[in-house]
Amino acid sequence: MVMIDQYIFGGFVASLFAFVLLYTLRRRTIGKTKGGASKAASIDECVTNPAADGGSRTESGGDADVIIVGAGVAGAALAYTLGKEGRRVRVIERDLTEPDRIVGELLQPGGYLKLIELGLEDCLSNIDAQRVFGYALYKDGKDTKLSYPLEKFDSDVSGRSFHNGRFIQRMREKASTIANVRIEQGTVTSLLEENGTVKGVQYKTKKGEEITAYAPLTVVCDGCFSNLRRSLCTPEVENPSCFVGLILENCDLPHANHGHVVLGDPSPILFYPISSTEIRCLVDVPGQKVPSIASGEMANYLKTVVAPQIPPQLYNSFIAAIEKGNIRTMPNRSMPANPHPTPGALLMGDAFNMRHPLTGGGMTVALSDIVLLRDLLRPIHDLNDASILCKYLESFYTLRKPVASTINTLAGALYKVFCASSDPARNEMRRACFDYLSLGGVCSNGPISLLSGLNPSPLSLFLHFFSVAVFGVGRLLLPFPSPQRVWLGARLLSGASGIIFPIIKAEGVRQMFFPATVPAYYRAPPVN
């Protein structure tokens with residue numbers, strides 16, 4: 001018995017000695033790492049070891065409450081918002097130079113109101129952003145103007161259009177003014193999971209150094225080409241078309257400060273100002289394959305197919321832009337939100353949910369999601385209990401639905417209605433939509449308030465969509481309903497149902513129309 005006690009005592013002394021030795025060695029290693037690190041790296045508590053590929057691998061201590069992957073519109077806005085709330089935020093962005101994109105250039109009035117709510121409206125200053133007051137639609141030589149219903153709002157409220165890169169850089173600059181927000185350049189290669197909980201990320205710096213960073217909550221908003229979303233959702237990405245982008249210079253739109261949509265053949269053509277001297281033109285090309293730019297096939301397509309359909313006032317500038325040769329393309333993607341609630345992680349922005357960019361609703365959805373997430377996180381001081389936080393944030397997916405599903409459904413439905421078709425019933429629906437919107441009053445104010453994000457009501461969207469269909473059928477049956485016209489009317493209604501019901505199903509009927517029946521709708525914040 002005495003012998004056993006001696007062994008126990010000896011083991012205890014040896015363990016204590018080993019612990020002191022390891023602690024001393026660790027302190028020395030940390031001291032050396034800190035001594036040679038830059039000011040930015042010294043914020044972290046790090047241990048650097050040789051990596052298998054000959055580089056270095058750094059383990060970064062949990063000095064952040066939230067890691068944000070991506071510093072685009074969603075990531076930069078979220079960083080500023082959570083930083084202002086007192087959270088310690090670490091943002092990792094693949095490329096911190098100014099982006100050069102042909103989409104993400106139109107912010108609807110509903111999105112502008114969210115920008116004000118987040119305190120980011122000054123990011124639109126000094127970038128030559130243009131005010132947008134509505135849309136002008138063109139079809140078969142006729143046009144109609146649809147103005148945003150802004151009478152009840154302050155005079156500053158309207159849409160805004162701008163260079164996407166300038167706007168993003170202003171947002172990044174604004175986020176970096178918050179002391180507890182740190183933005184760094186690096187490529188996130190993977191999420192770090194432990195027993196089904198995301199603990200942080202692994203990323204590579206510009207110098208090739210591999211770094212592991214930890215935080216209680218990781219928000220992935222790395223854009224439409226996200227390589228991280230597969231573990232956090234079921235991505236069902238569709239590529240209905242591509243945008244071909246041009247910039248028209250030194251010309252005026254027929255309707256000043258309005259976006260212009262030409263219901264062309266085979267699909268819509270968009271024009272809107274992005275500065276005081278530039279107009280963005282986006283030509284929609286159905287399918288995933290576009291004519292070759294290098295061979296001149298694209299220029300020929302734009303001159304022979306597209307140019308004859310655009311407003312005459314823009315024709316010369318359109319041809320000049322083609323001759324200049326700066327033609328860009330971008331695939332249009334749509335993806336309904338289908339998340340896997342995962343402890344420690346959340347998806348946002350285009351990494352989470354996409355819709356056809358025809359209606360310019362993407363930034364409005366993202367900013368609305370950020371306002372909602374801020375309000376949900378505000379009562380929670382400690383984010384470390386990942387499983388409880390995950391259960392609570394399931395309400396985020398339900399509460400976002402009225403805004404997101406309205407804008408998503410409208411974008412998908414309008415794109416299909418606005419495209420030309422060989423089906424007479426679809427073309428009749430297209431004509432009915434143009435004429436319905438041209439009626440004015442509630443027939444234009446209702447749909448444009450949905451598109452602008454000022455009235456995100458799924459039920460209103462559903463009623464207006466089928467009002468267009470019934471309007472089209474009524475025209476067919478008057479003055480005398482022939483059997484052929486009755487059959488065409490029935491096909492029109494069937495086609496309208498075939499357009500909107502699959503989109504609603506993908507969005508989720510219950511969450512879209514009856515969110516209050518979903519248990520997550522009533523989740524209360526956990527008590528810290």
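## Exercises on loops, rings, helices and strands

Pro-479 sits in the loop that runs between α12 and α13 (483–507). The model is predicted. The exercises start at this loop.

### Exercise 1. Cis peptide bonds

Which residues does a cis peptide bond join, and what is omega? Place each proline in its loop.

**Solution.**
- Step 1. Recall the background: most peptide bonds are trans.
- Step 2. Take the bond at Pro-479. Its partner is Leu-478, the bond is cis, and omega is about 0°. The loop lies between α12 and α13.
- Step 3. Take Pro-266. A cis bond links it to Asp-265, with omega about 20°. Pro-266 belongs to the loop between β16 (259–262) and β17 (269–273).

### Exercise 2. Positive phi

What is phi at Asn-250 and at Asn-257? Is each one buried, partly exposed or exposed?

**Solution.**
- Step 1. Start from the rule: most residues other than glycine have a negative phi.
- Step 2. Asn-250 has a positive phi, near 50°. Asn-257 is also not a glycine, and its phi is positive at about 55°.
- Step 3. Find the loop. Asn-250 is in the loop between β15 (238–249) and β16. Asn-257 is in the loop between β15 and β16.
- Step 4. Apply the cut-off: exposed means over 50% relative accessible area. Asn-250 has 69%, so it counts as exposed. Asn-257 has 29%, so it counts as partly exposed.

### Exercise 3. An aromatic pair

How are the rings of Phe-462 and Phe-513 arranged, and which helices hold them?

**Solution.**
- Step 1. Choose the descriptors: the distance of the centres and the angle of the planes describe a ring pair.
- Step 2. Set the scene. The whole structure holds twelve aromatic pairs. For Phe-462 and Phe-513, the ring centres are 6.1 Å apart and the planes meet at 85°.
- Step 3. Classify. Centres must lie within 6.5 Å, and planes over 60 degrees apart count as edge-to-face. The pair is therefore edge-to-face.
- Step 4. Locate. Phe-462 is in helix α12 (residues 458–477), and Phe-513 is in helix α14 (residues 509–513). The pair ties together parts 51 residues apart in sequence.
- Step 5. Check exposure. Phe-462 is partly exposed at 24% relative accessibility. Phe-513 is partly exposed, at 24% as well.
- Step 6. Widen the view. Ring pairs join Phe-462 and Phe-513 with Phe-465, Phe-466, Phe-501 and Phe-514 in a cluster.

Now turn to a charge. Which ring does the charged end of Arg-160 sit over? The ring is that of Tyr-112, and the distance to its centre is 4.3 Å.

### Exercise 4. Helix α10 from end to end

What span is expected for helix α10 (residues 424–438), and what span does the model show? What caps the helix, and what follows it?

**Solution.**
- Step 1. Compute the expectation: 1.5 Å times one less than the number of residues. With 15 residues, α10 should span 21 Å.
- Step 2. Compare. The end C-alpha atoms are 21 Å apart, which agrees.
- Step 3. Inspect the N-terminal end. Asp-423 caps it, with a side-chain oxygen 3.0 Å from the backbone nitrogen of Ala-425.
- Step 4. Look past the helix. Gly-440 follows, with a positive phi near 80°.
- Step 5. Find the buried side. Buried residues of α10 include Ala-425, Met-429, Cys-433, Phe-434 and Leu-437. The buried residues pack against β7 (134–139), β8 (142–147), α9 (401–418), α11 (442–451), α12 and α13.

### Exercise 5. The surroundings of Leu-373

Is Leu-373 buried or exposed? Which residues does it touch?

**Solution.**
- Step 1. Leu-373 is part of helix α7 (residues 362–377).
- Step 2. Its relative accessible area is 0%, so Leu-373 is buried.
- Step 3. Leave out residues up to four places away in sequence. Leu-373 then touches Leu-78, Leu-346, Met-348, Leu-393 and Phe-396.
- Step 4. Leu-373 and Arg-400 are 27 residues apart in sequence; their C-alpha atoms are 9.3 Å apart.

### Exercise 6. Strand β18 and its partners

How many bridges join β18 to β15 and to β17?

**Solution.**
- Step 1. Judge burial. Of the nine residues of β18 (residues 278–286), eight are buried, so the strand is largely enclosed by the rest of the structure.
- Step 2. Pair β18 with β15. The two run antiparallel, joined by nine bridges. Leu-246 is opposite Cys-281 of β18.
- Step 3. Pair β18 with β17. Five bridges connect them, again antiparallel. Here Ile-269 faces Val-283 of β18.
- Step 4. Name the connection. β17 and β18 make a hairpin, with four residues between the strands.

Methods: Residues numbered from 1 in each chain as written. Predicted model: local features only at pLDDT ≥ 70, side-chain atom pairs only at ≥ 80, totals over all residues. Heavy atoms only, no water. Phe/Tyr/Trp six-rings, centres within 6.5 Å; stacked < 30°, edge-to-face > 60°. Buried < 20%, exposed > 50% of the residue type's maximum accessible area, 1.4 Å probe, protein only. Lys NZ or Arg CZ within 6 Å of the ring centre and 35° of its normal. Contact = heavy atoms within 4.5 Å. Polar contact = N/O pair within 3.5 Å; in protein donor to acceptor, adjacent residues only side chain to side chain. Pairing = 2+ DSSP bridges.
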